[in-house]
Amino acid sequence: MSQRRRKPIPKVYSYIRFSTPEQSMGDSERRQLELAKKAAKKIGLPLDDTLDLTDRGLSGYHGVHRTKGKLGDFLAMVEAKHIAAGSYLLVENFTRLSREGTVKTLREVIFKLWDHGIILQTISPEEKYEPGCDKDPKFMVLFLFLRQAEESSRQKSEWGKANWKQKRKLAREQGVHITKRRPAWLDEDFKPIPHAVKCLKRIFKLKLQGVGVATIAEKMNQEKIWERPNGWRSSYVKKIITNRAVIGECQLHIKQGNKRIPDGDPIPDYYPKVVSNDQFFAVQKQLAGNRGCGGRKDRCSNLFTRIIKCAYCGGTMQFVDKGKPPKGQQYLQCSNGYRSHKCERYRIRYDECENLILNNCIKLNPGEVLPDPDEQTEKCLLLRHRIDAKEAEKRDIDRQIDNLVDQISRTESESIRDRYQDRVTKCESKLSEIEGELLEAEHELSIIEQDENMVSNWSKNLETLKDAIVGENVAELRLRLRIHLEELIDRIEVFAQGYREDENDENKRRPKWEKVKGKKRVKFIPAQPQQADDFFDVCEAQFSEFVPELWEDRMFRKFVWHLAEQRKTRKGRFIRIFFNTGRHVDLVPEGSLASGVELRENKWKRIGWSFESPKIDRMWRDFKTDYRKKKGKSTRQGKPVTT
């Protein structure tokens with residue numbers, strides 16, 4: 001026989017609340033508890049000490065204590081009938097119970113208690129409000145108390161808002177610090193802590209090199225430049241690199257409902273600047289570029305993540321790991337083809353690509369890539385960071401202007417609209433200034449990118465990094481190598497199946513539709529350079545001029561045509577590198593039938609491009625030898641050989 005559930009007995013429950021956490025340091029909680037014990041003794045029921053009904057630091061004005069606090073838990077227990085009818089809920093006064101207003105407090109708290117037979121009693125003044133007392137004159141007193149509690153809180157809220165509004169005004173106009181709260185890298189006098197600033201600069205430098213936040217946190221724990229109480233975590237590193245306080249700005253917030261929203265523009269020069277604007281905004285651009293990519297970046301298996309593309313559809317060539325050799329292999333595969341979207345599943349071995357690109361680029365001759373080289377690699381890198389920073393700053397101001405325009409459209413006050421309009425004008429003026437600086441930096445970069453010394457240093461540094469990435473635990477070096485490649489290489493296109501278009505295809509003049517005054521107009525644009533393969537036509541022109549008797553051989557022409565078709569398969573694979581200078585080169589892997597170049601050193605120790613193409617004479621001899629063997633074998637078996 002199952003044990004019968006014991007019915008709850010009536011008890012006295014004491015609800016205690018105070019609005020700010022600082023009040024817990026005082027006497028508020030102890031005083032309310034002592035009053036509750038005396039009241040329970042007077043009522044003659046036991047005071048329940050098993051339930052914690054104390055809301056510490058929760059507002060009664062916004063109803064947080066009812067939705068997320070202990071009062072809400074108690075009301076749920078009442079509705080679930082875990083609290084016996086006839087029990088008492090003790091509060092010091094109605095301001096402790098709620099400040100939400102008369103109607104909401106009656107509906108959401110008091111009437112719910114009465115519906116389940118719970119008696120509400122206040123200690124000061126000492127009054128009991130039991131179910132059915134809504135027709136009693138004291139109900140009117142209860143109504144007035146609730147109204148008074150709401151009005152008192154509303155007035156305090158308005159005073160607080162006015163006080164904070166004045167503080168914000170002083171902060172914007174005079175740079176006065178609103179509170180003593182400050183970033184951890186500043187001391188009590190808001191002055192930078194030297195070793196903390198050194199650590200922050202190290203973090204931003206690592207991030208610009210492409211190191212992930214988890215790896216940065218690990219390095220900070222190892223280097224111990226600036227130790228944190230609980231050690232470095234990736235979340236704290238991310239918080240720092242996105243915090244505008246490092247460039248001296250302070251973003252104020254206001255509360256709308258339960259949400260914190262930005263209050264106007266950030267205040268410049270509120271804190272001492274510890275990181276340059278160029279570094280900060282360059283990191284923001286890097287983070288924006290990484291957003292949505294997902295995945296773990298620490299291993300850096302693919303050195304060409306952001307720059308290698310499928311030549312046929314323009315899609316990303318994603319890294320695919322099929323395990324370690326000899327059974328497995330790593331590949332680069334077209335992401336569109338993998339999803340069966342506007343392309344095929346073209347792929348190429350990753351180690352072949354990496355070796356081909358690195359081995360050629362470390363021998364790069366500036367004269368082969370640059371029209372007129374002249375400056376240093378470091379200048380180019382700094383300029384790129386500056387351009388990234390200016391572009392990020394420009395987007396930031398554009399967002400500010402959009403927000404201000406939106407506020408103007410929603411504001412009815414003419415004076416406030418005028419103030420917003422003044423801020424829009426200032427933002428537009430600053431935007432114009434940044435655009436000028438951006439153009440100047442881009443122009444300077446275009447000059448520096450044509451620098452012979454820069455390319456020479458780039459190649460030397462590339463060779464150093466390539467030699468250093470052999471072995472294990474080289475993730476950081478591979479990240480640096482990835483960033484280094486992107487300094488001079490704009491993109492890499494992979495022709496995994498050779499040329500996919502014929503010379504006489506319409507792709508030589510591809511149509512592009514444009515709308516002009518609501519009507520469609522077709523405009524023809526030229527195809528990319530060497531998009532189609534003219535191998536057969538080149539052979540015809542050369543052999544018909546220099547060896548006409550060979551070209552008249554029907555079997556030789558079929559052989560050349562066969563080679564041309566083979567160049568449109570995996571046997572004709574090659575890689576095309578586009579440099580930031582506008583030049584491009586085609587690199588041919590070993591064993592490929594494609595045409596391209598390879599950097600080689602001659603007997604005079606000079607490095608230059610060597611043109612690679614199928615060795616037609618050797619292949620023709622092999623072809624004839626195989627043909628004779630097949631012919632002899634077929635003759636013995638009585639089978640005809642077709643050519």
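Q: Let's fix one term before we dig in: a charge sits over a ring if NZ of Lys or CZ of Arg is within 6 Å of the ring centre and within 35 degrees of the ring normal. Which ring face does arginine 491 lie over?

A: Arginine 491 lies over the face of phenylalanine 578, 3.7 Å from the ring centre. Arginine 347 has its charged end over the ring of tyrosine 331, at 4.0 Å from the centre.

Q: And what sort of model is this?

A: This is a predicted model, in which local features need pLDDT of at least 70 and side-chain atom pairs count only at pLDDT 80 or more, while totals for chains, interfaces and linings use all residues. Residues are numbered from 1 along each chain as its sequence is written, and side-chain values use heavy atoms, with hydrogens and water left out.

Q: Cool. How many helices and strands are in the chain?

A: The chain has 21 helices and 21 strands. These are DSSP runs numbered from the N terminus, with helices being H or I of at least four residues and strands E of at least two.

Q: How much of the chain counts as buried?

A: Of its 643 residues, 39% count as buried. Buried means under 20% relative accessible area, exposed means over 50%, and partly exposed is in between (1.4 Å probe, protein chains only).

Q: What about the area the chain exposes?

A: About 38500 Å², with carbon and sulfur atoms supplying 48% of it. The areas come from the Shrake-Rupley method with a 1.4 Å probe, and for residues only the protein chains shown count as cover.

Q: Switching to contacts: what share comes from residues 24 or more positions apart?

A: They account for 64% of the contacts in the chain with a separation of 6 or more. Contact here means heavy atoms within 4.5 Å.

Q: Let's pick one residue. Where does tyrosine 88 lie?

A: Tyrosine 88 is in strand 4, residues 88-91, and it counts as buried because its relative accessibility is 11%. Leaving aside neighbours within four places in sequence, its contacts include Lys11, Tyr13, Ile43 and Gln121. The C-alpha atoms of tyrosine 88 and leucine 120 are 5.8 Å apart, although the two residues are 32 apart in sequence.

Q: Now the rings. How many aromatic pairs does the count come to?

A: The count comes to 23 aromatic pairs. Rings of Phe, Tyr and Trp (its six-membered ring) pair if their centres lie within 6.5 Å; planes under 30 degrees apart count as stacked, over 60 as edge-to-face and the rest as tilted. One of the pairs is phenylalanine 190 with tyrosine 271, which is stacked at 6.3 Å centre to centre and 5° between the planes.

Q: Where do those two partners sit?

A: In distant parts of the chain, 81 residues apart: phenylalanine 190 is in the loop between helix 6 and helix 7 (194-208), and tyrosine 271 is in the loop between strand 8 (259-262) and helix 10 (277-290). Phenylalanine 190 is buried at 11% relative accessible area, and tyrosine 271 is buried at 13%.

Q: Why is the pair of tyrosine 312 and phenylalanine 495 edge-to-face?

A: Because their planes are at 90°, with the ring centres 5.9 Å apart. Tyrosine 312 lies in the loop between strand 9 (308-310) and strand 10 (317-321) and phenylalanine 495 in strand 13 (residues 489-495), so the pair ties together parts 183 residues apart in sequence. Phenylalanine 495 is buried at 0% relative accessibility, whereas tyrosine 312 is partly exposed at 22%.

Q: Which residues do ring pairs link into a cluster?

A: Phe536, Phe543, Trp551, Phe556, Phe559, Trp561 and Trp620.

Q: On to salt bridges. How many does a search of the whole structure find?

A: It finds 21 salt bridges. Each is a side-chain nitrogen of Lys or Arg within 4 Å of a carboxyl oxygen of Asp or Glu. Aspartate 396 pairs with arginine 244 this way, with the closest N and O atoms 3.2 Å apart. That pair links distant parts of the chain, 152 residues apart: aspartate 396 is in helix 14 (residues 377-410), and arginine 244 is in the loop between helix 9 (234-241) and strand 7 (253-256).

Q: And what about glutamate 393 and lysine 390?

A: Both lie in helix 14, 3 residues apart, about one turn of the helix. Salt bridges that share partners also join Arg244, Glu249, Asp396 and Arg399 into one network.
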